[in-house]
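Colleague: I'm new to reading strands in a protein. Could you walk me through one?

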Amino acid sequence: MFSSLRYLKYLIFSCHRNGHGIHSPFVFNIVSNIFRNKTRPDIVCSIEKIRNRLLEDPRSIKVTDLGAGSKIMKTSLRKVSDITTYSAVPRKYGILLSNLAEAFGKPFILEFGTSLGISTMYLAASCPDAEVITIEGCRETTKIASDNFKEAGLKNIRMLNGSFDEILPEIRKEEICPGLVFIDGNHRKEPVIKYFNQVADISDNNSVVIIDDINSSREMAEAWCEIKNHKNVTASIDIFRMGIVFFREGLNHFNYVVRY
């Protein structure tokens, strides 16, 4: 019910998907160009072929959830096909991640929550010159994701298995500023805010952070509200499923809601 009411509000207040009503030239360019870009057909075909294979995968694996866990899949023993259906980013949003990665990904992309690697492949394929560091807490899904990366022929992915709390401090020690960060892991308010704050500390003027499932629950909506009003954030875009924030100087702080 909560998510449905949020979606109704989103439909009422969202700007046109072509960017009409957006006064910031920077945000208008992102919505009218990057959002509407067509990702290379070979990239989409390759990744969606792997998705279709996973949707037919009869195996069951024991999933270790270090975050909030799935609202739909209640047991730790889950079918690969079900994980693909309920956890993998849909094609529509995978294409958006690909476009954003191409525009902002260098020098490296950081992803919280690999799962079976669909979103990771979309991030990596369109930005081959950037290293994609992806963190996943479940060893079983990590193994499958690794096989998927090999099948897709992607060699710019560094996959790390473990908790975000253990691995993020090590990444921060490398002192590399991320071009793009995708947070799609622990869907609880406090952890999401904590990870965002740590990412904000190592980000710069050109960094972009994407938060997934911002309207999936009341506490995720609260987390998004706090994140978009963070002192370093100069603009945000809410496309209902995802929230995108920018740290770019010179923008008048505004929170845009855009139909996607």
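Modeller: Sure, let's begin with pairing: two strands pair if DSSP finds at least two bridges between them. Here, strand β6 (residues 180–183) and β7 run parallel, joined over 4 bridges. V181 has V209 of β7 as its bridge partner. Strands are DSSP runs of E, at least two residues, and helices are runs of H or I, at least four, numbered from the N terminus.

Colleague: Before we go on, what kind of model is this?

Modeller: It's a predicted model: local features need pLDDT of at least 70, side-chain atom pairs count only at pLDDT 80 or more, and totals for chains, interfaces and linings use all residues. Residues are numbered from 1 along each chain as its sequence is written, and side-chain values use heavy atoms, leaving out hydrogens and water.

Colleague: Which strand pairs with β7 in the antiparallel sense?

Modeller: That's β9 (residues 242–246), over 5 bridges. There, D212 has M242 as its bridge partner.

Colleague: How many residues of β7 are buried?

Modeller: Buried means under 20% relative accessible area, exposed over 50%, partly exposed in between (1.4 Å probe, protein chains only). In β7 (residues 208–212), 5 of 5 residues are buried. V208, I210 and D212 point one way, while V209 and I211 point the other.

Colleague: And what's a nonpolar core?

Modeller: It's a set of buried Ala, Val, Leu, Ile, Met, Phe, Trp, Tyr and Cys residues joined through side-chain atoms within 4.5 Å. The largest one here has 58 residues, and I210 is among those with the most contacts inside it. Helix α5 (residues 91–104) gives the largest share, 7 residues. A second, separate core of 27 residues includes V181.
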